[in-house]
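Work through the exercises below with the structure open beside you, and try each task before you read its solution.

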Amino acid sequence: MQFYEEIQNYSHLIIDIRNHMGGHYFHFADVVMSPLIESAVHATYYQFFTEGEHRAWQMANVDALWDEFYEMGWRTMEVTNYEASVFVSENNMIYFNESDLGYLSYATRFRYTIHPSYTNFPFRGKVWLLIDGAQSAGVGAAIYAETSGFATTVGRPTGGVTHAERTYLRLPNSGVYVHVDVGYIVDANGRSVVEFGWPPQIPSRPGLDALQTVLALIQEGYGQ
């Protein structure tokens, strides 16, 4: 909080999550975004699911399943389910791999409202988020930052390991438990995040890394 207070009147804030290998993506909303915003912002992403026992149970228990997340930290959440093929068509997801629809039955829209924290120091300058092959919560942070308009993402696409819904299975011989993602996350154009990562809004310039690219953009007056 002391840092946020000190930089409150700065023109630019650069947040670097490159090489981030995971964690809990809610923390980015609670610890980074909420103290720096002046009014509520909305972050949205989409997951697709197959027909099966696990998903049938989720659909039947959707209210109980998500109640603990609706009011948590400085976030509220709205979950809406659709038929997969209809959702892709109506939302003009031009990069969605249509052959995948043969495996997918449901589309779910997750819409988070992120509220200012009680102790906040609204940052009215330009916020930049540096990304590369970040995984899991790093992907979530990029999605939150970009879809809410909180920050401009710069760098290289994130890794393909997302914060999708998951379940667990036990290997029959070794007894080892592994987790398996059951959610298929896409960006607003229908591109699979697992396969391609979350792309930056501004790719790193040739010969420059993400930070050098941002510093060049600032020097050129971008975002002023």
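The exercises that follow concern a predicted model, and they go from the whole chain to single residues.

**Exercise 1. The chain as a whole**

Task: Describe the make-up of the chain, and decide whether its radius of gyration fits a globular protein or departs from one.

Solution: Begin with the secondary structure, in which eight helices and ten strands are found. Next, take the radius of gyration, which is 19 Å, and set it beside the 17 Å that the globule rule gives for 224 residues; because the two values are close, the chain is as compact as a globular protein of that length. The C-alpha trace spans about 55 × 45 × 40 Å along its principal axes. Then turn to the surface: about 11700 Å² is exposed, and carbon and sulfur atoms supply 51% of this area, while 45% of the 224 residues count as buried. Finally, consider how the chain touches itself: among contacts with a separation of 6 or more, 76% are between residues 24 or more positions apart.

**Exercise 2. Strand 4 and its partners**

Task: Find which strands pair with strand 4, and explain why strand 4 can be called largely enclosed.

Solution: The first partner to examine is strand 2 (residues 41-49), which pairs with strand 4 in the antiparallel sense over nine bridges. Within this pairing, His42 stands opposite Thr113 of strand 4. Strand 3 (residues 75-83) also runs antiparallel to strand 4, and nine bridges join them; here Tyr82 stands opposite Ala107 in strand 4. For the second part of the task, count the covered residues: seven of the nine residues of strand 4 are buried, so the strand is largely enclosed by the rest of the structure.

A residue of strand 2 can now be added to the picture, namely Thr44. Thr44 has a relative accessible area of 18%, and because buried means under 20%, Thr44 is buried. When neighbours within four places in sequence are left aside, Thr44 is in contact with Arg109, Phe110, Arg111, Ile143 and Thr147.

**Exercise 3. Two aromatic pairs**

Task: Classify the ring pairs Phe96–Tyr184 and Trp128–Tyr222, and state how far apart in sequence the partners of each pair lie.

Solution: A pair of aromatic rings is described by the distance of the centres and the angle of the planes. A search of the whole structure finds 13 aromatic pairs. For Phe96 and Tyr184 the centres are 5.8 Å apart and the planes make an angle of 45 degrees, and the pair is tilted. Phe96 belongs to the loop between helix 5 (84-90) and strand 4 (106-114), whereas Tyr184 belongs to strand 9 (residues 184-186), and the pair thus links distant parts of the chain, 88 residues apart. Both partners are covered, for Phe96 is buried at a relative accessible area of 5% and Tyr184 is buried at 17%.

Now repeat the steps for Trp128 and Tyr222, whose ring centres are 5.6 Å apart and whose planes stand at 45 degrees, so this pair is tilted. Trp128 lies in strand 5 (residues 126-131) and Tyr222 in the segment after helix 8 (210-219), so the pair ties together parts that are 94 residues apart in sequence. Trp128 is buried, with a relative accessible area of 0%, but Tyr222, at 37%, is partly exposed.

**Exercise 4. Clusters and charges around rings**

Task: Which residues do ring pairs link into a cluster with Phe96 and Tyr184, and which charged residues lie over the rings of Trp128 and Tyr95?

Solution: Following the ring pairs gives a cluster of Tyr46, Phe48, Tyr82, Phe87, Phe96 and Tyr184. For the charges, look at the face of Trp128, over which Lys126 lies at 5.3 Å from the ring centre. Over the ring of Tyr95 sits the charged end of Arg191, 4.6 Å from the centre of that ring.

**Exercise 5. Two positive phi values**

Task: Compare the surroundings of Asn92 and Ser136, and say for each whether the residue is buried or exposed.

Solution: Most residues other than glycine have a negative phi. Asn92 has a positive phi, near 50 degrees, and Ser136 likewise has a positive phi near 50 degrees. Asn92 is placed in the loop between helix 5 and strand 4, and with a relative accessible area of 54% Asn92 is exposed. Ser136 is found in the loop between strand 5 and helix 6 (137-148), and at 13% relative accessibility Ser136 counts as buried.

Notes. Residues are numbered from 1 along each chain as its sequence is written. This is a predicted model: local features need pLDDT of at least 70, side-chain atom pairs count only at pLDDT 80 or more; totals for chains, interfaces and linings use all residues. Side-chain values use heavy atoms; hydrogens and water are left out. Rings of Phe, Tyr and Trp (its six-membered ring) pair if their centres lie within 6.5 Å; planes under 30 degrees apart count as stacked, over 60 as edge-to-face and the rest as tilted. Helices (H or I, at least four residues) and strands (E, at least two) are DSSP runs, numbered from the N terminus. Buried means under 20% relative accessible area, exposed over 50%, partly exposed in between (1.4 Å probe, protein chains only). A charge sits over a ring if NZ of Lys or CZ of Arg is within 6 Å of the ring centre and within 35 degrees of the ring normal. The radius of gyration is taken over C-alpha atoms; the globule rule is 2.2 Å times the number of residues to the power 0.38. Contact means heavy atoms within 4.5 Å. Accessible areas come from the Shrake-Rupley method with a 1.4 Å probe; for residues, only the protein chains shown count as cover. Two strands pair if DSSP finds at least two bridges between them.
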